[in-house]
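This report goes through one structure from its chains down to single residues. Please keep the sequence and the 3D view at hand while reading.

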Amino acid sequence: MRRRLLLLIPLLLFAVLVVFLYRGLAKDPAARDSALLAREFPAFNLATLDDPDRTLDRSLLEGQVTLVNVWGEWCPTCKQEMPQLLALAERGVRLVGVDYKDTRENGLQFLDEFGNPFEVSLFDPDGTLGFDLGVYGAPESFLVDAEGVIRYHHTGYITPQDVEDVILPEVKKWQP
Amino acid sequence: MLIRILPELGHFALILALAMAVLQAIVPLWGAATRRPLWMAFAQPMAWGQFLFLVLAYLSLTASFALDDFSVAYVANNSNSLLPWYYKLSAVWGSHEGSVLLWVLILSGWSFAVSLFSQRLPRDMLARVLGVMGWISSGFLLFILLTSNPFERLLPNVPTDGADLNPLLQDFGLIVHPPMLYMGYVGFSVVFAFAMAALLGGRLDAAWTRWARPWTNVAWAFLTVGIALGSWWAYYELGWGGWWFWDPVENASLLPWLAGTALIHSLAVTEKRGTFKNWTVLLAIFTFSLSLLGTFLVRSGVLTSVHAFANDPSRGTFILALLGVTVGLSLAIFALRAPRVQSLAGFGWLSRDSLLLINNILLVVMTVTVLLGTIYPLLLDALGLGKISVGPPYFNALFVPLTALLCLFMGLGPLARWKRMPGRELARRLGGAAIVAVVVAAVLPLLYGGSFSLGVTLGLLLALWLALSLARDIFDKARRGRFDKTRRGRPDRSRRGRLGGLKKLTLAYWGMVVGHLGLAVTIVGVAMVSHYNVERNVRLAPGQSVEVGGYQFAMTDFRERRGPNYTADTATIEVTRPGRASFTMQPEKRFYVASGMPMTDVALRPGLFSDLYVALGERLDNGDWSLRIQLKPFVRWLWLGALMMAAGGILAVIDRRYRRMPRRSAALRTHESIPPGTGAREGIS
């Protein structure tokens, strides 16, 4: 009988594993940890989308919590994401856009067509800032706290559900 | 008309396949339990029918891709009218739904093969094996039909064109990597089914291991090739020049491979010596469970990875349930039915048995190490202890010493005899090999790289130790054959006589030799490329040149180019080296129009002893381009070694033994004992 019980050990170990895997499933599967979490937003020096002569740097992100959204006219998913971004802006979240690997003309047309939730959009035609951020594709969003430190990274498009369940709580969490 | 309803026909075929799988799962097992031959005979026709309908389903999905039927959601999401035809065909398994279909198709293909090639198995055994595979098949077919139907339509608003296949996957590597990998993953279901059949039938003797061994070897060989192809693909397609990232999905394929390697060896012990019986059954269950776990990890999205499929929580729950039921049930059956009696055959502390036991322990420890590293972030997160990611430092720190230990014992294993091996004799036969290995491994790095490197020395030491001990074994066996002839009074003075023993060596033995040498070759590759890799990030404009590792790289031209479904910036780089002919390399930066994704297309100059690797980076402010230039010594050896391992596994299967096998009764085989020291017959595979 003792031996029979020993034979049960693999089953018990496996049961424990399944419990953990199940708990893992319940966690938000879309949250990919960025290598940049808890690090300073990379330095940049970029012109704005609407004014080639106005350049901005990292100080733009200091002072309040900001959601930096990487988008592009060429990115169909970004169009689907726009309503959520507009809703976020309406609810007082400060948004900064990064027009990634795009032309100025297309980018401006995109904002005309789908609405502009951004306080300002940086123009990043060569993808240098995107490269520093480790962007995989668009859209991606980075939540930056008042000290300019990246606190949350969202890969892919923000669903209406994400707005309530993820983005707004995160914004609240890092509010000074 | 038929063409327009092809997806529906495919869907029906899937449903019919499920019906047959369910019958295959229930009727033969019930028949075997109640000893009704008619019911047992149900297994084969159902396996064939299931395979047939899955082939039809698969073909109709392929046809939808070939015909650009964008009303099928899966086609619209993963193809495009501009996609070249061969990628349209391979795009069938380019994403979640289609790849699960391929998974099930391969599973039923294995069932079909088992029913074809195992006609001489006892009927109840065959019925049980196919019954168990029917259960697995039913589970996955339900999974497809309920959560991942590839035939779903986008009606009435049919897109005019598709979103295109992920550019990363538009590549030869993708055409071959997943099918190979799945052949391996799914192939382990056969040995699993054999083990379960043996447990259910209460006949846990050595017979089932003999039947299961060829299937296990073949599956293992496929998995080996699949992993190697994946590594090769990552090497040239992802554009970083790495060949293994300890990414969760890579680990997911490594886990069943490690367990499968242990299984191959413990099957040998159980077959030859009748020991390790419970352990072998447990390993068979583990190996297939790890295949399923891999499937779960990749498709549920619980872990983040470069391979992540589209996530859908309902799918994750379903696969977890499938995993839980399959593994839970099989482990429960194991706990209830595994024999209580210890096998009586003992063995000395130094013997082939004990060395294989060590092999198994080490491989299982390696499996657990990788498993823990892979799911550790998940465990911590579930316990609320924060989010972390486990990276290469952890894996390397544990995996390298474990591999070193494994190789150390691996050198001894083939030379040791079953039951008992005098240590003194082993030392006499291998002392020379050990000394030569140490000396050459210490000197060679100095000659090659000009400096001493502990990693390279260790790698060379292990590889040489493996190769030289095998050489010694072959040499001894060849000589022993000559003595045999002399003793019989026919002194053979011809040169061929000196190698007389070689002829007696079986294919199974050569399979072992090639497989073990393959590991040695891979280790050389790993050690060299990890330590002598040269990497430089440079900036270049047309007309400029730069020197890296003795090569002169000059950008001679830069132009834009149009591909079938992308546009590309192409640099032409002329590479020269004093005293050698020059050649050109053309790295590209591609922009895929339909998906809007940029991609790096690496330029490679492969060589047996060194690869040149040039990747085009970003355009810099002043119009220069950033380039990453790498020299990768011996990187090809990694994959060459893996191919050798796979070839070894296949060679062992071709051995006559397995074709002769079915005529002899199981009872005879169980008590068959092999006298120690008969040379060729000792081959463990």
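The text below covers the two chains, the nonpolar cores, the domains of chain B, one helix pair and a few single residues.

**Chains**

The model is predicted. Chain A has 176 residues, of which 34% count as buried. Its secondary structure consists of 6 helices and 7 strands. Read from the N terminus, the elements of chain A follow the order α-α-β-β-β-α-β-α-β-α-β-β-α. Chain B has 685 residues, and 51% of them count as buried. This chain contains 22 helices and 10 strands.

Contacts can also be sorted by distance along the sequence. In chain A, taking the contacts with a separation of 6 or more, 74% join residues 24 or more positions apart. For chain B, the share of such contacts that joins residues 24 or more positions apart is 74%.

**Nonpolar cores**

The largest nonpolar core holds 210 residues, and Phe194(B) and Ala195(B) have the most contacts inside it. Helix H9 of chain B, residues 207-237, supplies the largest share of this core, 19 residues. A second core, separate from this one, has 32 residues, among them Val65(A), Val93(A), Phe123(A) and Val135(A).

Which residues does Phe194(B) contact, leaving aside neighbours within four places in sequence? They are Val129(B), Trp208(B), Trp211(B) and Ala212(B).

As background, nonpolar side chains in soluble globular proteins tend to be buried together.

**Domains of chain B**

The domain assignment divides chain B into domain 1 (1-165), domain 2 (171-375), domain 3 (406-532 + 638-655 + 673-682) and domain 4 (534-636). Between domain 3 and domain 4 of chain B, 8 residues of the former are in contact with 5 residues of the latter. On the domain 3 side, the elements that give two or more residues are helix H19 (507-532) and helix H20 (635-654) of chain B. H19(B) gives the most to that side, with 5 residues. By class, the domain 3 side that touches domain 4 has 7 nonpolar residues, 1 polar residue and no charged ones.

**The pair H8(B) and H11(B)**

Helix H8 (residues 172-201) and helix H11 (residues 277-300) of chain B have axes that come within 8 Å and cross at roughly 145°. The crossing of H8(B) past H11(B) is left-handed. From H8(B), the contact is made by Tyr185(B), Phe188(B), Ser189(B), Val191(B), Phe192(B), Ala195(B), Ala198(B) and Leu199(B). From H11(B), the residues are Val281(B), Ala284(B), Ile285(B), Thr287(B), Phe288(B), Ser291(B) and Gly294(B). Sorted by class, this contact has 11 nonpolar and 4 polar residues, with no charged ones. Ala195(B), one of the residues in this contact, also appears above as one of those with the most contacts inside the largest core.

**Single residues**

The table lists four residues of chain B by burial.

| Residue | Other C-beta atoms within 10 Å | Class |
|---|---|---|
| Phe276(B) | 24 | buried |
| Phe634(B) | 24 | buried |
| Leu412(B) | 21 | buried |
| Phe609(B) | 11 | exposed |

Phe276(B) is not a glycine, yet has a positive phi of about 55°. This residue is in the loop between helix H10 (248-273) and H11 of chain B. Phe634(B), also not a glycine, has a positive phi of about 60°. Its place is the loop between strand S10 (625-633) and H20 of chain B.

Is Phe609(B) buried or exposed? Phe609(B) counts as exposed because 11 other C-beta atoms lie within 10 Å, and the cut-off for exposed is 12 or fewer. Phe609(B) is in the loop between strand S8 (603-605) and strand S9 (610-619) of chain B. Not counting residues up to four places away in sequence, Phe609(B) touches Pro633(B) and Phe634(B). Phe609(B) and Gly525(B) are 84 residues apart in sequence, with their C-alpha atoms 9.3 Å apart.

Leu412(B) belongs to helix H14 (residues 392-412) of chain B. This leucine is buried because 21 other C-beta atoms lie within 10 Å, where 20 or more are required. Setting aside residues up to four places away in sequence, Leu412(B) touches Leu355(B) and Leu426(B). The C-alpha atoms of Leu412(B) and Val514(B) are separated by 16 Å, and the two residues are 102 residues apart along the chain.

Definitions and conventions: Residues are numbered from 1 along each chain as its sequence is written. Chains are lettered from A and ligands numbered from 1 in the order in which they are written. This is a predicted model: local features need pLDDT of at least 70, side-chain atom pairs count only at pLDDT 80 or more; totals for chains, interfaces and linings use all residues. A nonpolar core is a set of buried Ala, Val, Leu, Ile, Met, Phe, Trp, Tyr and Cys residues joined through C-beta atoms within 7 Å. Helices (H or I, at least four residues) and strands (E, at least two) are DSSP runs, numbered from the N terminus. Two residues are in contact if their C-beta atoms, placed from the backbone, lie within 7 Å. Domain bounds come from an automatic or database domain assignment. Ala, Val, Leu, Ile, Met, Phe, Trp, Tyr, Cys and Pro count as nonpolar, Asp, Glu, Lys and Arg as charged, and the others, Gly among them, as polar. Axes are lines fitted to C-alpha atoms, for helices over the stretch in contact, and angles run from 0 to 180 degrees between N-to-C directions. A crossing is left-handed if the near helix is turned anticlockwise from the far one by less than a right angle, and right-handed if clockwise.
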